[in-house]
Amino acid sequence: MRPHISMITLGVGDIADATAFYERLGFKRSSQSQEAVTFMQAGAMVLGLFGREALKDDAKADNIWNGNGGTAIAMNCADESQVDVMMAQAEAAGAQILKPAEKVFWGGYSGYFADPDGHAWEVAHNPFWSLDETGRVELPA
C-alpha cells in the first residue's frame with residue numbers, strides 16, 4: 001500500500017464551536033457528522049473535529065500530547081490574491097492572525113492563522129507547485 005493522508009483530525013475544546021468556525025471558513029459539514037465528531041470535505045482529504053480529550057484517549061497519547069506539537073496545516077492557493085482572501089476570511093471567522101501574508105524567502109507568499117483551539121494554519125501560494133481543480137497539490141516527480 002502506498003502511504004497517503006486521507007484525513008486530518010483536530011482535537012478541539014468544543015466541537016460545536018469548532019464546527020461553526022470551520023463553517024464560517026467555508027467548509028461544509030457532512031451528513032456523516034455526529035454530536036461527538038464533525039467531518040468536513042477538505043479538497044481531496046477529510047477534516048475531522050473531535051474532542052481534544054477524547055482524541056487523546058482514543059490515541060492513547062497521554063504521555064506525548066502536551067500541546068500543538070509543532071504541526072501546521074497548510075492550505076495552498078493558486079495565487080497571492082487568493083491567499084489574501086483566505087486570510088481575511090479566516091480573521092472574519094474568528095481566527096487569530098499569527099503572521100500576515102507576505103512574500104517569503106523560498107519564493108512564495110504565505111501567512112499563518114490559528115483557529116480558536118490554537119491549531120496553526122499556513123495559507124500559501126507556492127509558484128513552483130500546481131493545483132488541480134479541487135485544490136490538491138500536484139508535486140513534480
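Y22 is buried, with a relative accessible area of 1%. The model that shows this is predicted. Y22 also belongs to the largest nonpolar core, which has 24 residues. Within that core, Y22, L25, F113 and W121 touch the most other members.

**The core**

Which elements supply at least two residues of this core? They are β1 (7-12), α1 (15-25), β3 (45-51), β4 (72-76), α3 (80-93), β6 (109-114) and β7 (120-125). In soluble globular proteins, nonpolar side chains tend to be buried together.

F113 shows what such packing looks like for one residue. Leaving aside residues up to four places away in sequence, F113 touches F21, L25, M87, A90, A95, Q96, I97, L98, H119, A120, W121 and V123. Find F113 in the structure and trace these contacts one by one.

**Aromatic rings**

The structure holds 5 aromatic pairs. One of them joins Y22 and F27. A pair of aromatic rings is described by the distance of the centres and the angle of the planes. For Y22 and F27 the centres are 5.9 Å apart and the planes meet at 70 degrees, an edge-to-face pair. F27 counts as buried because its relative accessibility is 13%, and the cut-off for buried is under 20%.

F27 has a second partner, W121. Their ring centres lie 6.3 Å apart and their planes stand at 55 degrees, so this pair is tilted. The pair links distant parts of the chain. F27 sits in the loop between α1 and β2 (37-42), while W121 sits in strand β7, 94 residues apart. Are F27 and W121 buried or exposed? Both are buried.

Which residues form one aromatic cluster? The members are F21, Y22, F27, F113 and W121.

**Salt bridges**

Now to the charged side chains. A search of the whole structure finds 5 salt bridges. Three of them are listed here, with the distance from N to O.

| Pair | N to O distance |
|---|---|
| E23 and R29 | 3.0 Å |
| R52 and D117 | 2.9 Å |
| K56 and E53 | 4.0 Å |

Take E23 and R29. E23 is partly exposed at 31% relative accessibility. R29 is partly exposed too, at 47%.

What does the bridge between R52 and D117 tie together? R52 lies in helix α2 (residues 52-59) and D117 in the loop between β6 and β7, so the pair ties together parts that are 65 residues apart in sequence. R52 is partly exposed, with a relative accessible area of 37%. D117 is also partly exposed, at 22%.

K56 and E53 make a local bridge within helix α2, 3 residues apart. That spacing separates them by about one helical turn. How accessible are the two partners? K56 counts as buried at 17% relative accessibility. E53 counts as partly exposed at 47%.

**A nonpolar patch on the surface**

Some nonpolar side chains lie on the surface. F105, W106, F128, W129 and L139 make a nonpolar surface patch of about 630 Å². Where is W106? W106 is placed in the loop between β5 (96-103) and β6. W106 is partly exposed, with a relative accessible area of 30%.

**Looking back**

Start again from Y22: this residue is buried, pairs edge-to-face with F27, and shares an aromatic cluster with F21, F27, F113 and W121. Then look at the bridge between R52 and D117, with its closest N and O atoms 2.9 Å apart. Finish at the patch that includes W106.

Terms used. Residues numbered from 1 in each chain as written. Predicted model: local features only at pLDDT ≥ 70, side-chain atom pairs only at ≥ 80, totals over all residues. Heavy atoms only, no water. Core = buried A, V, L, I, M, F, W, Y, C linked by side-chain atoms within 4.5 Å. Buried < 20%, exposed > 50% of the residue type's maximum accessible area, 1.4 Å probe, protein only. Helix = DSSP H or I, 4+ residues; strand = E, 2+ residues; numbered from the N terminus. Contact = heavy atoms within 4.5 Å. Patch = residues over 30% accessible without salt bridge, like charges linked within 9 Å, V, L, I, M, F, W, Y side chains within 5 Å. Areas by Shrake-Rupley, 256 points an atom, 1.4 Å probe, with all protein chains shown as cover. Phe/Tyr/Trp six-rings, centres within 6.5 Å; stacked < 30°, edge-to-face > 60°.
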